[in-house]
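The following questions and answers work through the packing and backbone of one model, for a reader who wishes to check each value against the coordinates.

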Amino acid sequence: MRDVASRDETAFKRLYDRTSAKLFAVVRRIAVSEAAAEEALQEAWVRIWNHADRFDPAMASPITWMTTIARHAAIDAVRKGSERVSKTTVVIDEELAEKLPAPGSTTDGLTGPQLRRCLEGLEPDRRGMVLLAYSYGYSREELSRRFDKPVATVKTILRRSLIALKECLGGR
């Protein structure tokens, strides 16, 4: 661990080879999918590499320290993936989803002329957030970072944008 802390890439590779399977098992038990587990494991290795100098052998063994980091990375990944959306927004999403073309009926799901016109009525930032959230699956945290706005503000903008789209599409 001392060699890893001194940025020895060979030592890091050895550590990875010896412990990666165990750490993957730890994150896989927490993550909802194998892809999420792989992402969490990658994040854990980045944290291990960046914070190896903080490891204190008097506090824990290296594997215990790394397991704790991996577990926290997996929990963070689960929290990001299971973002809670307000009940009102879910209702609006369901109503809007009924007006969208069926999956596979269009090339991008946004070719309905009325929906396109309504989206174009939104301010460019709001339109971008809606498209990234509902067409590309961006989380509120990802949108927050991308648009440099607090998560609560992103949620408010999305909610107001969905209300505007609903009204534009003839809903109440």
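Q: With which residues is valine 27 in contact, leaving aside its neighbours within four places in sequence?
A: This is a predicted model, in which local features need pLDDT of at least 70 and side-chain atom pairs count only at pLDDT 80 or more, while totals for chains, interfaces and linings use all residues. Residues are numbered from 1 along each chain as its sequence is written, and side-chain values use heavy atoms, with hydrogens and water left out. Taking contact to mean heavy atoms within 4.5 Å, and setting those neighbours aside, the partners of valine 27 are Ala37, Ala40, Leu41, Ala70 and Ala74.

Q: Which helix supplies the largest share of the largest nonpolar core?
A: A nonpolar core is a set of buried Ala, Val, Leu, Ile, Met, Phe, Trp, Tyr and Cys residues joined through side-chain atoms within 4.5 Å, where buried means under 20% relative accessible area, exposed over 50% and partly exposed in between (1.4 Å probe, protein chains only). The largest such core has 22 residues, and those with the most contacts inside it include Val27 and Trp45. Helices, which are DSSP runs (H or I, at least four residues) numbered from the N terminus, contribute as follows: H2 (9-30), H3 (34-51) and H4 (62-81) each supply at least two residues of this core. The largest share, seven residues, comes from H3.

Q: Against which helices do the buried residues of H6 pack?
A: In helix H6 (residues 113-120), the buried residues are Leu115, Cys118 and Leu119. They cover an arc of only 100 degrees around the axis, taken from the directions from the helix axis to the C-beta atoms, and therefore lie on the same side of H6. The face turned away from this buried side carries the exposed residues Pro113 and Glu120, whereas the buried residues pack against H7 (124-134) and H9 (151-168).

Q: How many charged residues has the contact of H7 with H8?
A: The contact is made by residues of H7, among them Met129 and Leu132, and of H8, including Leu143 and Phe147. Ala, Val, Leu, Ile, Met, Phe, Trp, Tyr, Cys and Pro count as nonpolar, Asp, Glu, Lys and Arg as charged, and the others, Gly among them, as polar. By class, the contact has six nonpolar residues and one polar, and the number of charged residues is three.

Q: Is aspartate 148 buried or exposed?
A: Aspartate 148 is found in the loop between H8 and H9, and has a positive phi of about 55 degrees although it is not a glycine. Because its relative accessibility is 69%, aspartate 148 counts as exposed.
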